[in-house]
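Biologist: I am new to this structure, and I would like to learn how to read the way two helices meet. Could you take me through it slowly?

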Amino acid sequence: MKTAVIDWSKPLGPMKMPAIERVKVMPTAMDTGDSPAVEVKDYFIQRGDKRYAGVHLIIDLHGASHLSDIAHIEKTMRRCVKASGATLLHIHLHRFEPDGVSGVAVLAESHISVHTWPESRFAAFDVFMCGATRPEACIEILSEAFEAERSDVKEILRGEVNE
């Protein structure tokens, strides 16, 4: 995971994706003044002057292909994880009979989930990530991998934090 240190003495100004992971240096509870400070990671993202728990992308693929191919779905989800800079913990996919797949890639930064309806050529992906990740990198990967005729994307900034 990439770490960025922000100089809080200067104004941030508008920030664009990819989100930046904030890092604070805080003394430990046992700090006597002689011990080193401990780095505490804050995985919230900053957009302008607001902080959020993460970015949640709702990606609907219409006119899509390969929606029952569990190996293709797993390979594509792994590509998304790598391209977004996330940390994969586990992937679980389930194939339904006669068609369709549901599953999730559990990430240290949250998740990518999928539900497919091959008979309707439709797939629903949720990409939710916090920290210094690039969830938007998944949009093009998913659209191309599943040969979508149309991709609808909604972004939700989750968990606004007021400090």
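Modeller: A crossing is called left-handed if the near helix is turned anticlockwise from the far one by less than a right angle, and right-handed if clockwise; here H1 passes H2 in a right-handed crossing. This is a predicted model, in which local features need pLDDT of at least 70 and side-chain atom pairs count only at pLDDT 80 or more, while totals for chains, interfaces and linings use all residues. Residues are numbered from 1 along each chain as its sequence is written, and side-chain values use heavy atoms, with hydrogens and water left out.

Biologist: Which residues of H1 and H2 make the contact?

Modeller: Contact means heavy atoms within 4.5 Å, and on H1 the residues are His72, Thr76, Arg79, Cys80, Ala83 and Ser84, facing Ala137, Cys138, Ile141, Leu142 and Ala145 of H2.

Biologist: Which residues of H2 are buried?

Modeller: Buried means under 20% relative accessible area, exposed over 50%, and partly exposed in between, with a 1.4 Å probe and protein chains only; in H2 this applies to Cys138, Ile141, Leu142, Ser143 and Ala145. Helices (H or I, at least four residues) and strands (E, at least two) are DSSP runs, numbered from the N terminus, and the buried residues of H2 pack against E5, H1, E8, E9 and E10.

Biologist: Where does Thr133 lie, and is Thr133 buried or exposed?

Modeller: Thr133 lies in the loop between strand E9 and helix H2, and Thr133 is buried, with a relative accessible area of 3%. The Thr133 side chain reaches the backbone oxygen of Cys130 at 3.1 Å.

Conventions:
Polar contact = N/O pair within 3.5 Å; in protein donor to acceptor, adjacent residues only side chain to side chain.
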